[in-house]
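Hi everyone, thanks for making time. I'll walk you through one structure today, mostly its ligand site, and then finish with a salt bridge.

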Amino acid sequence: MNKLCSLTLATALLCAACYSSEKTSTGIGTRVDSVLALMTLDEKIGQLTLFTSDIDVTGPTMRENYKEDIKAGRVGAIFNAYGAAYTRKLQEIAVKETRLHIPLLFGYDVVHGHRTIFPMPLGEAASWDLAAVEKSARVAADEASAEGLHWTFAPMCDIARDPRWGRITEGAGEDVYLGSKIAAARVKGIQGDGVGSLNSVMACVKHFAAYGAAQAGRDYHTTDMSDRVLRETYLPPYKAALDAGAATVMTSFNEIDGVPATGNKYLMTDILRKEWNFTGFVVTDYTSIMEMIPHGIAEDTASAAALALEAGVDMDMQAGFYNDALAALVKAGKLKEGLIDEAVRRILRKKFELGLFDDPYRYSSEQREKETLMSAANLEAARDVARKAIVLLKNDKQLLPLEKDVKKLAVIGPLADARREMIGSWSAAGDWHKASTLLEGVKQAVSAGTQVLYAKGCAIDNDSTQAIAQAVRTAQQADVVILAVGEGAWMTGEAASRASLNIPGVQQRLIEAIYKTGKPVVAVLLNGRPLTIPWLDANIPAIVEAWLPGTMAGQAIADVLFGDYNPSGRLPVTFPRSVGQIPLYYSMKNTGRPMDPNNKYTSKYLDERNDPLYPFGYGLSYTTFSYGPVQVDKQEMTQQDELIVTCTVTNTGARAGKETVQLYLHDVTGSVTRPVRELKGFKQIELAPGASQNVTFKLTAHDLSFYRRDMSFGTEPGKFDVYIGPNARDTQGTAFALR
Ligand code: BGC
């Protein structure tokens, strides 16, 4: 027995030596119960409480009253605290100064990198490269765990079809299939060899559920949808993340069908625990228990706390409502203590699985911090993922890639040298001072004889046009202009909804002024969401969507601009022409009056086209690919069959390149209507110039299944169209039937 456990009976039960013979999960169950048996009601409620650490310029700090809460056993977990030394210090308070010595859990929003920052998740999803996505999450978890963290509030699995919603940048975009694959890849990366392995942290699937469907794209707003849409479109990515082993779930801020998610038993118990057999714990999103009062479903602290606990919510983030209300409710006989016990069990179990009862300090390693944080390998990984995320939207007359020995190159625009913006929002412990800018990336890439000129031109979002004239003079001196425009980091993420999706401020004025110089212009977009850029598309010859690329922004963009990396990113979300088209997504339904330009009484706008500016799945390369006819190995399949769908793809250009071959399905008739297209598979292939490859997909009955009229999940016999192509629009297809 160690020194601690000789102190009290309680610590003896927590001591590694006392339970090391029981490493199985049943063993954990017994140990959890033995700890629970020692706890007072207040100590139990403390384990259900998560409070924040503050972060100031020197790093994380802790409010004195929260320290007192830790000592009194009123808090079981802390978020926004990181750093080996700092987490160790806080852990010592819990382990040495509380009655039961139960270790704290440390959580943090490690969303797209911890110190080494990767592209915003939406950008990363544009890589369509599951290995790259997993790698980025792995690096993030490796760094985070070295700093004493046990838990990240990621991945965000919210399907988002409204780019006005600023948080679209935190997810994988609009699609169920791609979103599910990426959610699973992120969990695999975050949890690595599993909860308890030293360089992993627990994942937290958020925001459950359907937060991405906030009305009108306004953050925190109401979500309302049929159970069919919920199950068919919004739930699958959360489920995929849980199937990949995610340890925890976070509720969402929105209400759904009149009940805020945090008080929603249908979501938190019926679906999550009963249907999906989820055994981890559920945490609220921030003060969402408290927010049930303004929502209008709870009238005071006690009723809000009871509603959340009874719905199946285990941990209260930051509201302190469980601490304030649960004990009195139990004592008044209004709440069963057994419900609290269940929640405590789920949380303690994770603390055991993490190995914190063996060694509460095992993740706080200054040695690992030194070896891991922003290592050369991590920076290289961030550069690689960032360039894979870049989408080439337009490239007339092969303006790109640029020569490295252009005589004079002008880099212009408010995002050209905007270091802070490069790491985007939710940038964890990332230090923006260490990020590279596009201007720096270009300077590093060009040959010694090239002169690189720079002008800012205007701010990101104010209305001063003063500096535009200077930028025009700079452009006039150059052979080629790289124009970096878009959004600031603060314009995407939480509470960053926009009613306009134009490039903000007076940037459009700057763009038009530079365009008028007649110089060849390459527009580089740095932003977190689809923007409405029809003017750019009509006038600027080359457009590169770089998103907010992270620490290695400059190098990654330069890799693409100068052809060291042949762009391979594909849009994970539709780019509309105008805000009025939203929601606009490829897997729409057909209507009874499909658009016919010659018939007024069909489904369309008087003043806008129906189709997007750039479709889902779209992206160009410096080479070109052609697609042969789509073939199926049988005209008719049964429930038991596998249908083989093939297509020959050829690199018809002069460079080696990567193509993302996409397969879409259309169920022609059903007991309920089906989308015009649904992604059901994709493959990335690398082809040398002139080379061809037969790309093969296997479809099973599962791929043809959907929620039928009676809400059972399965197939219906009938006709299907299957399409293959480089995006959701430019496909070729054939037909088959399911018997
Ligand atoms: C966000 C969550 C985040 C939490 C903790 C909330 O405001 O909605 O996504 O995990 O804060 O920082």
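Before we get to the ligand, one term: a pocket here is an open set of grid points, on a 1 Å grid over the protein atoms alone, with protein on both sides within 12 Å along at least five of seven lines. And keep in mind that this is a predicted model.

Okay, so where does the ligand sit? In the second largest pocket.

Who's around it there? The ligand is surrounded by 13 residues, and the closest ones are Asp109, Arg167, His207, Asp285 and Glu494. If you sort that shell by type, you get 7 nonpolar residues, 1 polar and 5 charged.

Now for some contacts. Asp285 has a side-chain N or O atom 2.5 Å from an oxygen atom of the ligand. Glu494 puts a polar side-chain atom 2.7 Å from a ligand oxygen, and for Lys206 the distance from a polar side-chain atom to an oxygen of the ligand is 2.9 Å. How much of the ligand's own accessible area does the protein cover? Of the 310 Å² that the ligand has on its own, 94% is covered by the protein.

Last bit: salt bridges. The count for this model is 46. Let me show you one of them, between the side chains of Arg349 and Glu353, at 3.9 Å from N to O. Why are these two about one helical turn apart? Because they're 4 residues apart in helix α15, which runs over residues 337–353.

That's my tour, so over to you for questions.

Notes
Residues are numbered from 1 along each chain as its sequence is written. This is a predicted model: local features need pLDDT of at least 70, side-chain atom pairs count only at pLDDT 80 or more; totals for chains, interfaces and linings use all residues. Side-chain values use heavy atoms; hydrogens and water are left out. A residue is near a molecule or strand if one of its heavy atoms lies within 4 Å of it. A polar contact is a pair of N or O atoms within 3.5 Å; within protein, one must be able to donate a hydrogen and the other to accept it, and residues adjacent in sequence count only if both atoms are side-chain atoms. Accessible areas come from the Shrake-Rupley method with a 1.4 Å probe; for residues, only the protein chains shown count as cover. On a 1 Å grid over the protein atoms alone, a cavity is a set of points where a 1.4 Å probe fits but cannot get out, and a pocket is an open set with protein on both sides within 12 Å along at least five of seven lines; lining residues have an atom within 4 Å of a point. A molecule sits in a cavity or pocket if more than half of its atoms lie within 2 Å of its grid points. Ala, Val, Leu, Ile, Met, Phe, Trp, Tyr, Cys and Pro count as nonpolar, Asp, Glu, Lys and Arg as charged, and the others, Gly among them, as polar. A salt bridge is a side-chain nitrogen of Lys or Arg within 4 Å of a carboxyl oxygen of Asp or Glu.
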